[in-house]
Amino acid sequence: QKGTRSESSQAKKSQHAEEAIFYMNCRAAYLTVLKSSLENIKSKEQLLLVLQQAGRNPSQKTVNKYWTSQTTTLNFDDFCTILKKEKPATKTELLEAFGKIDTDNTGYILHDELYKILTTRGEKMTWDEVSTITKKADFNCSGKLDYNKFCDLYMTTSEQCCKTAREKLEVDSRLRQQQFGSQAETSSEGITLPVSKPSPRVSRKTDHKLAPTKGGRRTPSRPSSAQSCKASVSTTISNCASSNRNTKLIEPDTIKEWQCAQSKGCFYLEDDGEIISHKYKLHLPQRSTVCITIKPLNVHQIEGKPCHWLSVDTALYILKENETQENLQLVSFTEQQNKEMFGWKGELGSGIYWLLPFTTGCRLKKVKTQFTGEAKLVYRGEDGELALTKEFRAALLDIFETIDLDGNGLLSLEEYNFFELRTSGEKCDEEAWAVCKENFDMKKNELTRQGFMDLNLMEANDREGDPSDLWVTLLSLGYNKALEMTEACPFVIDIYAEKCKPRIKAIYLEAGSWQLNRAICKSVVNKGEAKVMDGCENIIIYTYKAGRRITSVIENKSENKVIIHVNNEQSKNCLSNRGLTVFAVEVAPKSMTVSQHVMPLNEQEEWLYNCVHSLL
């Protein structure tokens, strides 16, 4: 048993060391191009430069994947996420690629053939660009490219880029003291704070008696304890298994006489780990007591398939619209819980409100799954005609159920366009919708379930049975190759009003906005326990528990940016949205940012949240 524990401890140390090296390399590359990790990447060209400094050699297609027409900036967090996804090419991979051209396995490629391939296929190069490669004496001779030598030089150059960036970071003591950048959920600029009086709820009690680290010298860029820190504050919350369920929320059947409005929606997990969802406007014609709830939507999943999304946490932030859409005021959020449902009950005045759905990302995250085979989507019947398989039809019915936001069993053009934006990035205009009406079953200018099925069958016929485009649709909607919905969480919002008819409408399908981030921070500051760091009264850690979720926020009242080291090593049965036990958060001057969201790994067992925030 001692041997097993020792191996586990060594494995954990090894993992922390790898994380430290990874973030040091990220930071080194980032600061080679930008002055600070609080500074954002502002152009596609800058993104290409920082990726190259990190030893990557991305194609234009790869760069375009992360810098779309909607992208204006990317922060340090985004950069780290991209590097996790875009692994540097290995020599084996490069040799395999060249081997597909060199079918005779000679180790050489004729320059004429290289010119032809590189100027006509894939991401086409110019004649001059290819000439730059063929003129290098290191790996060219007699009109041929020695691609083994080319690969060696490529790997050496890539490693040298990383090494140069690290050396620059080590030489500059100012940069070295910064440690590594924000892994915060909010934007790197944080949220600017108004001048405020000290909170009467602020506790100055701190616990910074940390156990000394054992073993060898720790990694300077990623401290495993708070010993070298100026100040620290510890927060401990013990939770029973039964405390995960709160029954304060009013049951809908007790307000069945109230008028109701409902809309469905969905959280979608992007390739880079970002979560996007529908955003809504709520209209109340007069002042009324209301009850607003959100919960995962239990669509009829294929028999025998697990419903992963039902365990995903959901929340709804209610913001009041004033003179402009930019000026939104936090009213409240759904903190009361009844099983998987979260809700809020209170009085709202007449007017327009924004409802911003939120999930922490603790349960909705990328998972690596081994598949025995790809599910079949289409087949040819005895008559030779294409048909949809039973499994694919069932998945399409679930998709229809999810994108039918108003639940009337039909898809309006507006609802269908949310689907199109998600799967193809384009909208269907009135003219194209009229063509759909001529070819597919519709009622009252809205697409029926059968019409939706036929539309997908037509797509399969257009590709002569090739399911590639169908898979693009499925994967973008959170399905894996086994037709399981693992990277999406459909939800349903219900609004009950005592004195008037509420109206709700989906407006956007997008990632969490700065308004949402600000609302999360404000809700934690208003409701949570505050602790001031001993010896550093400008840093306050707010911690708030709502149902089965704990959120911590860091407030920096100083004139300088700070780096806060976060250590969860003493927590038990906990799952952080960071995916890391130890990490660092960079907080801009006069701002606040989310440190982390934590949930129980197993809700049937007790869980202990023990987090130490330390100032580096």
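Okay, let me start with one residue: Glu484 has a relative accessibility of 15%, so with the cut-off for buried at under 20%, it counts as buried. Where is Glu484 found? Glu484 sits in a loop, the one running between helix H14 (468-476) and strand E19 (488-497). What's its partner across the chain? The C-alpha atoms of Glu484 and His308 are 8.4 Å apart, while 176 residues separate the two along the chain.

Right before it comes Leu483, also in the loop between H14 and E19. Leu483 is buried too, with a relative accessible area of 1%. Its phi is positive, near 65°, and Leu483 is a residue other than glycine.

There's another positive phi to look at, at Glu464, which has about 55° and is not a glycine either. Glu464 belongs to the loop between helix H13 (449-462) and H14. Is Glu464 buried or exposed? Glu464 is exposed, because its relative accessible area is 68% and the cut-off is over 50%.

Now the big picture. I should say that this is a predicted model. The chain has 616 residues, and buried ones make up 50% of them. The secondary structure comes to 15 helices and 28 strands. If you take the contacts with a separation of 6 or more, 73% of them are between residues 24 or more positions apart.

On confidence, the mean pLDDT of the chain is 82, and 83% of its residues reach 70 or more. Which elements have the lowest and the highest mean pLDDT? The lowest is helix H9 (residues 173-177), with 41, and the highest is strand E18 (residues 446-447), with 96. The pLDDT is below 50 over residues 173-228, and that stretch still has 143 contacts in the model beyond near neighbours in sequence.

Let's go to the empty spaces. How many cavities of 30 Å³ or more does the structure hold? There are 4 of them. The largest has a volume of about 50 Å³. Its lining is Cys266, Tyr268, Ile399, Thr402, Ile403, Leu477, Tyr479 and Met485. Strand E7 (259-269) and helix H10 (390-403) each supply at least two residues of that lining, and H10 gives the largest share, 3 residues. By class, the lining of the largest cavity is 7 nonpolar and 1 polar, with no charged residues.

The second largest cavity is about 40 Å³. The residues lining it are Tyr268, His278, Ile403, Leu405, Glu415, Phe418, Phe419, Arg422, Leu477 and Leu509. So what does the class split look like for the second largest cavity? It's 7 nonpolar, 1 polar and 2 charged. Helix H11 (residues 413-423) brings the largest share of this lining, 4 residues. If you're flipping between the two lists, Tyr268, Ile403 and Leu477 are in the lining of the largest cavity and also in the lining of the second largest.

Next, a pocket, meaning open space. The second largest pocket holds about 1,800 Å³. It has 39 lining residues, and the closest to its centre are Asn57, Pro58, Met125, Phe150 and Tyr154. The elements giving two or more residues to that lining are helix H2 (44-53), helix H3 (60-66), helix H5 (91-101), helix H6 (111-120), helix H7 (127-134) and H8. Which element gives the largest share of the lining of the second largest pocket? That's H8, with 6 residues. By class, this lining has 20 nonpolar, 10 polar and 9 charged residues.

While we're on H8, have a look at Ser158, which is in that helix (residues 147-171). Why does Ser158 count as buried? Because its relative accessible area is 16%, and the cut-off is under 20%. The Ser158 side chain reaches the backbone oxygen of Gly55 at 2.8 Å.

Last stop is helix H4 (residues 76-85). At its start, a side-chain oxygen of Asn75 comes to within 3.0 Å of the backbone nitrogen of Asp77. Which residues of H4 are buried? They are Phe76, Asp77, Phe79, Cys80, Ile82 and Leu83. As a reminder, an α-helix has 3.6 residues a turn, so residues three or four places apart point the same way. Keep that in mind when you look down the helix.

Terms used:
Residues are numbered from 1 along each chain as its sequence is written. This is a predicted model: local features need pLDDT of at least 70, side-chain atom pairs count only at pLDDT 80 or more; totals for chains, interfaces and linings use all residues. Side-chain values use heavy atoms; hydrogens and water are left out. Buried means under 20% relative accessible area, exposed over 50%, partly exposed in between (1.4 Å probe, protein chains only). A polar contact is a pair of N or O atoms within 3.5 Å; within protein, one must be able to donate a hydrogen and the other to accept it, and residues adjacent in sequence count only if both atoms are side-chain atoms. On a 1 Å grid over the protein atoms alone, a cavity is a set of points where a 1.4 Å probe fits but cannot get out, and a pocket is an open set with protein on both sides within 12 Å along at least five of seven lines; lining residues have an atom within 4 Å of a point. Grid points are joined across faces, edges and corners, and a volume is the space filled by probe spheres set on the points. Ala, Val, Leu, Ile, Met, Phe, Trp, Tyr, Cys and Pro count as nonpolar, Asp, Glu, Lys and Arg as charged, and the others, Gly among them, as polar. pLDDT is the predictor's confidence in each residue, from 0 to 100. Contact means heavy atoms within 4.5 Å.
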